[in-house]
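The exercises below concern charged side chains and their contacts in one structure. Work through each task before reading the solution that follows it.

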Amino acid sequence: MAVNFTLFDVSAGLVDLWREAFTVLVPCRVFDQVLSDQLSPPTVPDALTRVAQRVIYERWRGYAPPGTCTLIPLLGTFCAGNPFSCRYVALCPTMRLPSSVVWHKEIVYNCVWSLLVEIDHHNARAATDPGLHPIRSVVMTGIGTGIGRISPKQCAKQTALAFAHYHAAKTRVATWSAMTWADIEQYPLNVHLPSDTN
């Protein structure tokens, strides 16, 4: 099942860099307070935080490691009646505590890869479980570009690379299910785009 992604950010520069990175790198077009304010009812402003904490405790015992993705179901919670009909929030932490993560060159890639895997697994379960709703569209901001201080260019490249490599993993199963070191070297994480100056 195809999933539509909408990438948006307050930085027009990041949006332009995403456009460039996806054009070059993807072979086919295949939690913050603001979010909580939009998805929680006015009478329970911390509802999204409480729902997420419950799921994170159940799955990770309260600590979701950076680079992972956890789908937070909203059905059956105070957030279920949100104005966007949003059924899930994908929690993709980039850090343990609010701080710069510019040192972590692959954190965006890891988060996006984990997000794609979670959506794939969820949709596979939804295909056989009528109680689950498949995820058909995703709205996503720049990962790590706020407090994490990841540059828009690094975010755009790593996001597009994760999509490109994930597409390769889904379409080249024989290779990706038995990767050798030589195979891994064919999928670098440090690539240059036309707008790169060095």
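Buried means a relative accessible area under 20%, exposed means over 50%, and partly exposed lies in between. The model to which this is applied here is a predicted one.

**Exercise 1.** Classify Arg-54 as buried, partly exposed or exposed, and do likewise for Glu-58.

Solution. Begin with Arg-54, whose relative accessibility is 41%, so that it counts as partly exposed. Turn then to Glu-58, which is exposed because its relative accessible area is 51% and the cut-off for that class is over 50%. The side chains of Arg-54 and Glu-58 form a salt bridge, with an N to O distance of 3.6 Å. As to their placement, the two residues lie four apart in helix α3 (residues 47-60), so about one helical turn separates them.

**Exercise 2.** Find which parts of the chain are linked by the pair Lys-170 and Asp-120.

Solution. First establish the contact: the side chains of Lys-170 and Asp-120 meet in a salt bridge at 2.8 Å, N to O. Next locate the partners, for Lys-170 sits in helix α5 (residues 152-171) and Asp-120 in helix α4 (residues 107-128), and this pair, 50 residues apart, links distant parts of the chain. Finally, Lys-170 is partly exposed at 47% relative accessibility, and Asp-120 is partly exposed at 27%.

**Exercise 3.** How many salt bridges are counted, and which residues are linked with Lys-153 in a network?

Solution. The rule requires a side-chain nitrogen of Lys or Arg within 4 Å of a carboxyl oxygen of Asp or Glu, and the count comes to six salt bridges. The network of salt bridges links Lys-153 with Lys-157 and Asp-196.

Technical notes
Residues are numbered from 1 along each chain as its sequence is written. This is a predicted model: local features need pLDDT of at least 70, side-chain atom pairs count only at pLDDT 80 or more; totals for chains, interfaces and linings use all residues. Side-chain values use heavy atoms; hydrogens and water are left out. Buried means under 20% relative accessible area, exposed over 50%, partly exposed in between (1.4 Å probe, protein chains only).
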